[in-house]
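I wanted to see how the aromatic side chains sit in this chain and what they do at its surface. Here are my notes, in the order I looked things up.

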Amino acid sequence: MNQKYFLFTIFVIAIVVLLILNSFLTTSGEMTIVLSGLGLALVHVLSGFYMSRWALAKPVKLFMSIVMGGMGIRLMLVAIVLVLMAKLVNIDLKLFVVAFGIYYLLFQIVEIYFINRGLQLKKVMKNS
């Protein structure tokens, strides 16, 4: 898995979506909420990418356990953060969830693509 290409792809997606969302935002407070959603999604995808990258060197059964278990743990942590934000912070929760959801879906597509690519490279290297 090429780390530089992954980070560049994530960066480009973040900037493009931010520019698109900026055209719909009216106050600076809304931009802060969108940036919060971006930050949470970014932490989520980067932790998943580096965990998957580490797990690629492991046997396939252990790799799947690490990736699936890690995904479940990350989703639980995101749910906890969302509940804490809803209870403790006075923000527009709908905008935060929409911004986070957009970034989350796009970042997950990129993460799955890179994991799949890493597995294919591992298989090719194993067969040669």
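The entries below go from the overall fold to the rings and then to the surface.

**Overall fold.** I kept in mind that this is a predicted model. I counted 4 helices and 0 strands, and reading along the sequence gave me α-α-α-α. I boxed the C-alpha atoms along the principal axes and got roughly 55 × 30 × 15 Å. I then checked contacts between residues at least 6 apart in sequence, and 80% of them join residues at least 24 apart.

**Burial.** The chain has 128 residues, and I find 34% of them buried. About 8,200 Å² of the chain is exposed, with carbon and sulfur atoms supplying 74% of that area.

**Aromatic pairs.** How many aromatic pairs are there? I get 9. I looked at Tyr5 and Phe114 to begin with: their ring centres are 5.6 Å apart with 50° between the planes, and the pair is tilted. Tyr5 sits in helix 1 (residues 3-22) and Phe114 in helix 4 (residues 93-127), so this pair links distant parts of the chain, 109 residues apart. Is Phe114 buried or exposed? Phe114 is buried, at 3% relative accessible area. Tyr5 comes out at 43%, so I logged it as partly exposed.

Next I went to Phe6 and Phe49. Why does this pair count as stacked? The planes are at 5° and the centres 3.8 Å apart, so I call it stacked; the cut-off is under 30 degrees. Phe6 lies in helix 1 and Phe49 in helix 2 (residues 28-55), so the pair ties together parts 43 residues apart in sequence. I checked burial for both rings: Phe6 has a relative accessible area of 0%, and Phe49 also reads 0%.

I then asked which residues cluster with these rings. One aromatic cluster holds Tyr5, Phe6, Phe49, Tyr50, Tyr113 and Phe114.

**Nonpolar surface.** I also looked for greasy patches on the outside. I found a nonpolar patch with about 1,000 Å² of accessible area together, whose members include Phe8, Phe11, Val12, Ile15 and Leu19. Tyr5 and Tyr113 belong to the patch too, and I had already noted both in the aromatic cluster. Which element gives the largest share of the patch? Helix 1 does, with 8 residues. I picked Phe11, in helix 1, for a closer look. Phe11 has a relative accessible area of 52%, so I noted it as exposed.

Key:
Residues are numbered from 1 along each chain as its sequence is written. This is a predicted model: local features need pLDDT of at least 70, side-chain atom pairs count only at pLDDT 80 or more; totals for chains, interfaces and linings use all residues. Side-chain values use heavy atoms; hydrogens and water are left out. Rings of Phe, Tyr and Trp (its six-membered ring) pair if their centres lie within 6.5 Å; planes under 30 degrees apart count as stacked, over 60 as edge-to-face and the rest as tilted. Helices (H or I, at least four residues) and strands (E, at least two) are DSSP runs, numbered from the N terminus. Buried means under 20% relative accessible area, exposed over 50%, partly exposed in between (1.4 Å probe, protein chains only). Patches are made of residues with over 30% relative accessible area and no salt bridge: like charges are joined within 9 Å, nonpolar side chains (Val, Leu, Ile, Met, Phe, Trp, Tyr) within 5 Å. Accessible areas come from the Shrake-Rupley method with a 1.4 Å probe; for residues, only the protein chains shown count as cover. A salt bridge is a side-chain nitrogen of Lys or Arg within 4 Å of a carboxyl oxygen of Asp or Glu. Contact means heavy atoms within 4.5 Å.
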